[in-house]
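Got your viewer open? Load the model below, keep the selection tool handy, and we'll walk through it stop by stop.

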Amino acid sequence: MEKNIAVIKGDGIGPEIVTEAMKVLDKVAEKFGHKFNYEQLLMGGCSIDANGVPLTDETIARCKASDAVLMGSIGGNTTTSPWYKLPANLRPEAGLLGLRKALGLFANLRPCVLYKQLSEACPLKKEIADKGFDMLIMRELTGGLYFGERKTEEVNGVMTAIDTLKYDENEIRRIAKKAFDVAMQRKKKVTSVDKANVLDSSRLWRKVVEEVAKEYPEVTLEHMLVDNSAMQLVKDPAQFDVMVTENMFGDILSDEASMITGSIGMLASASMNETSFGLYEPSGGSAPDIAGQNKANPIATILSAAMMLRYSFKMDKEADAVENAVNSVLENGFRTGDIMSEGMKLVSCSEMGDKIAEFV
Ligand code: NAD
């Protein structure tokens, strides 16, 4: 197969970690007989320096014309970088928000995997960590409380603030479908998280999710209240496969789930629209403190590239090969600084990429 990948290396460690992901993708192409064409585009701080704005129409158009977007990270040191003296709409992060909007990316996918080789970094009790877990949180990204009408006003002499949590059935249906589609490629279980004992928006959420579930008889659906979900994540994370939820619940639960995996350098993510198109990026930022030193952990970006293979290109075997290679490299004791522990072998960013490509 031939695929066109828009590549946004971005700022800070972005160029270093994306280069390693491309190295691994090239190895996949060689082994499985595919051709990946890369088009490098600017976004974030590097685009401000080159074009005066964090995102250009050209970058948007080229991303739209591609089969998927692979991204590093954007932004700089928020206290010292001149990018942060600019008005908010011209700062690096405005580029990313603008790109997500322009591409209609409404579903955020965050896998949370505890590798048994890194279980010491997990803050949970040993008996829970030892079981390991492999789940994916799917968060609705463009609706709910963060996008509803809001106002602050004086009512009868008392300052009063109002935020609105609004979802229509179409917004719920499209994210539910995405969750079931992804579950079909995983362990075929969906946990839909809501607060249906209190909120109308949650009751509609539950009803629509149940309708969608009828189209996926192979997938087991369960509903869970958000407060219980927060507890279950630390009590028994192994019970989850795909957890789907609205914007604010997802914001909070995905950070909780990330924390229990132990390391930011391992966390992949994807944002997708209704088609198989997606933007794939590590969950961490541009890490200006270690940029340019060949020290960053490229695994999150490499695992994001594996998600691209699985969800945008439907290349399951190839994605498995990358994920297994990451496992083997950890099994063989290779570690970047952020996940280093006693007795392991310290490697640089590029050496980690070499090792993973080798194991593919
Ligand atoms: P950060 O994630 O960049 O760094 C936090 C800590 O984690 C640092 O100590 C860093 O060295 C470490 N770290 C992060 N990724 C790592 C990796 N792959 N390997 C090893 N260590 C890693 O968060 P921050 O310092 O709060 O933000 C720095 C910049 O990144 C800011 O400009 C912020 O706005 C931006 N940012 C961008 C994105 C994005 O591109 N999507 C996301 C978050 C933050």
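How many salt bridges does the rule find across the interface of domain 1 and domain 2? Zero, with a salt bridge taken as a side-chain nitrogen of Lys or Arg within 4 Å of a carboxyl oxygen of Asp or Glu. Before going on: this is a predicted model, where local features need pLDDT of at least 70, side-chain atom pairs count only at pLDDT 80 or more, and totals for chains, interfaces and linings use all residues. Residues are numbered from 1 along each chain as its sequence is written, and side-chain values use heavy atoms, leaving out hydrogens and water.

Now colour the two domains. Select 1-106 + 269-360 for domain 1 and 123-260 for domain 2; these bounds come from an automatic or database domain assignment. Their C-alpha centres lie 26 Å apart. In the contact (heavy atoms within 4.5 Å) you'll find 13 residues from domain 1 and eleven residues from domain 2.

Together the domains bury about 920 Å², 58% of it on carbon and sulfur atoms; that is the accessible area (1.4 Å probe) lost on putting the two parts together, summed over both. Show Phe-106, Glu-274 and Tyr-311 as sticks: they supply 62% of the area that domain 1 buries against domain 2. The interface also has five residue pairs in polar contact, both at pLDDT 80 or more (N or O atoms within 3.5 Å; within protein, one must be able to donate a hydrogen and the other to accept it, and residues adjacent in sequence count only if both atoms are side-chain atoms).

Next, the ligand. Select the 21 residues around it, those with a heavy atom within 4 Å; Gly-76, Tyr-84, Glu-93, Gly-285 and Ala-287 come nearest. Then zoom in on Asp-289, where a polar side-chain atom lies 2.9 Å from a ligand oxygen.
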